[in-house]
Amino acid sequence: ASLPAAGQGALAIECRADRPEVAKLLAALGDADTGDCVRAERAVSRALGGSCQLPLAAHATVHGGDLHIRGLVASPDGRRIARAETRGARTEPEAAGRALADALLQRGAAEILAS
């Protein structure tokens, strides 16, 4: 199964910090599940130092009170791939992302990232 880049497909809307009335209106557009998933996915990318130059994927989904997150790191030529998945508490999406990053490192991601 194909995995997207971390945060792929999520939309964000920004507003000026000095416009709290606009922020309040925009809050109604927020989706808690999407926010939790994106935070988990971005934590994977941050922990691994991902860039646009290296295939790094992370995809999180919400299942009740849990986050299920899958990820991979691949060499640019696709010959070496480290895959992992984990579950974590939805209340701690960044911890779930870091746990996935650790699992990827244990499966060879560090060597791929170093090349």
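Visitor: Let's start with Thr 86. What makes you place it in a strand?

Guide: A strand here is a DSSP run labelled E of at least two residues. Thr 86 has its place in β3, and that strand spans 81–89. Bear in mind that we're looking at a predicted model.

Visitor: Which residues does Thr 86 touch, beyond those up to four places away in sequence?

Guide: Leu 67, His 68 and Ile 69 are on the list, along with Ala 96, Ala 99 and Leu 100. They're called contacts because heavy atoms come within 4.5 Å. For Ala 96, the C-alpha atom is 7.4 Å from that of Thr 86, and the two residues are ten apart along the chain.

Visitor: What does the whole fold look like, read along the sequence?

Guide: The pattern goes α-α-β-β-β-α, which gives three helices and three strands. The C-alpha atoms fill a box of roughly 50 × 30 × 20 Å along the principal axes.

Visitor: Why is Val 73 called buried?

Guide: Its relative accessible area is 0%. The label needs a value under 20%, so Val 73 qualifies. This residue is found in strand β2.

Visitor: What does Val 73 touch, leaving out residues up to four places away in sequence?

Guide: Quite a list: Leu 48, Leu 54, Pro 55, Leu 56, Arg 80, Ile 81, Ala 82, Leu 104, Ala 109, Ile 112 and Leu 113. Leu 48 has Val 73 among its own contacts too, together with Leu 56, Ala 101, Leu 104, Leu 105 and Leu 113. As for Ser 45, 28 residues from Val 73 along the chain, the two C-alpha atoms are separated by 10.0 Å.

Visitor: What makes a group of residues a nonpolar core?

Guide: Two things: the members are buried residues of nonpolar kinds such as Val, Leu and Ile, and they're joined through side-chain atoms within 4.5 Å. The largest one here has 20 residues, and those with the most contacts inside it are Val 44, Leu 48, Ile 69, Val 73, Leu 100 and Leu 104. Two or more residues come from each of α2, β1, β2, β3 and α3. The largest share is from α3, with seven residues. In soluble globular proteins, nonpolar side chains tend to be buried together.

Visitor: Ser 75 isn't in that nonpolar category, so how do you know it's buried?

Guide: By the number again: Ser 75 has a relative accessible area of 4%, and the cut-off is under 20%, so buried is the right word. Ser 75 lies in the loop between β2 and β3. Setting aside neighbours within four places in sequence, Ser 75 is in contact with Leu 54, Pro 55, Arg 80 and Ile 112.

Visitor: What does the side chain of Ser 75 reach?

Guide: The backbone nitrogen of Arg 79, at 3.3 Å. A polar contact has to be within 3.5 Å, so this pair makes the cut.

Visitor: And why is Arg 16 called exposed?

Guide: Exposed means over 50%, and Arg 16 has a relative accessible area of 57%, so the term fits. Arg 16 lies in the segment before α1. Its side chain makes a polar contact with the side chain of Asp 18, at 2.8 Å.

Visitor: How many residues of the protein count as buried overall?

Guide: Of the 115 residues, 33%. The protein exposes about 7200 Å², with 51% supplied by carbon and sulfur atoms.

Conventions:
Residues numbered from 1 in each chain as written. Predicted model: local features only at pLDDT ≥ 70, side-chain atom pairs only at ≥ 80, totals over all residues. Heavy atoms only, no water. Helix = DSSP H or I, 4+ residues; strand = E, 2+ residues; numbered from the N terminus. Buried < 20%, exposed > 50% of the residue type's maximum accessible area, 1.4 Å probe, protein only. Areas by Shrake-Rupley, 256 points an atom, 1.4 Å probe, with all protein chains shown as cover. Polar contact = N/O pair within 3.5 Å; in protein donor to acceptor, adjacent residues only side chain to side chain.
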